[in-house]
Amino acid sequence: MFILVNLKTYPCDPVAVAEAVADVDETTDARLAVAPQAADIARVADTGVETWAQHVDPIDHGSNTGHTLAETVADAGAVGTLVNHSECRQKLADVDGAVRAAERAGLETVVCANNPSQVGAAAALGPDAVAVEPPELIGTGTPVSKADPEVVEGAVAAAGSVDDAVSVLCGAGISTGEDVAAAAELGAEGVLLASGVAKADDPAAALSDLVASQ
Ligand SMILES: O=C[C@H](O)COP(=O)(O)O
């Protein structure tokens, strides 16, 4: 399973979380990665942990003040990027453009979607993976893999019907190894999570529990 920890803009120490991820990474067959804020990518990547961006814009080098260029996050050490997170939504044309920009920069892509229908549309854009996240469950601690298993199964079916090379992650409320195991049973190849680690009193303990079933 791929466990991608999005730090959003939570007030955690991104390097401390990354070091905890690196420690737990040595104990498990699961693939672990951290997505810090853009300004923290370089120092998180310096820990040796797999580092992702939270967002890139559908742009090339040029007059794009305030935007995030895929090549810049790649140069800073990111190997992948989220696209169209529920908290950073993009128009369909911009999702496509962001995936193309990420490809151009050699970044792996996970396109986020709210439901199976959107997963099908996202998969048609040819990302490496899609992540299905019902917005109403994000940050609640109620795991999508238990609260709404049909959404995960529907996402797996929708992506598979479009392009079976696109893997499916699920997210929203995932915080325990049991939640990760439930996601795997539903056909997900990974999970996208945030508050379960970024807001934990002991991120290392939270991560150890998350990989317990791997
Ligand atoms: O990017 C992560 C997702 O929005 C899930 O967030 P959460 O684990 O806090 O529910």
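**Tour: ligand shell and annotated site**

Start at the ligand: its shell divides into six nonpolar, seven polar and one charged residue. Here Ala, Val, Leu, Ile, Met, Phe, Trp, Tyr, Cys and Pro count as nonpolar, Asp, Glu, Lys and Arg as charged, and the others, Gly among them, as polar.

This is a predicted model: local features need pLDDT of at least 70, side-chain atom pairs count only at pLDDT 80 or more, and totals for chains, interfaces and linings use all residues. Residues are numbered from 1 along each chain as its sequence is written.

Select the shell. It holds 14 residues, each with its C-beta atom, placed from the backbone, within 6 Å of the ligand. The closest are Asn6, Gly139, Leu193, Ala194 and Ser195. Strand S8 (190–193) and helix H9 (195–198) each supply at least two shell residues. Both are DSSP runs, numbered from the N terminus: helices are H or I, at least four residues, and strands are E, at least two.

Next, select His85 and Glu133. An unreviewed UniProt entry lists them as "active site"; such annotations may be inferred rather than shown by experiment. They are spread over 49 residues of sequence, yet the largest C-alpha distance is 8.9 Å.

Zoom to His85, in the loop between strand S4 (80–83) and helix H4 (92–104). His85 counts as buried because it has 22 C-beta neighbours inside 10 Å; the cut-off is 20 or more. It touches Gln54, His55 and Cys112, not counting residues up to four places away in sequence. Contact means C-beta atoms, placed from the backbone, within 7 Å.

Finish at Glu133, in the loop between strand S6 (129–132) and helix H6 (144–147). Glu133 has 27 C-beta neighbours inside 10 Å, so it counts as buried. Among its contacts beyond four places in sequence are Ser86, Cys112, Asn114 and Leu192.

Notes:
A residue is buried if 20 or more other C-beta atoms lie within 10 Å of its own, exposed if 12 or fewer, and partly exposed in between; C-beta atoms are placed from the backbone. Two residues are in contact if their C-beta atoms, placed from the backbone, lie within 7 Å.
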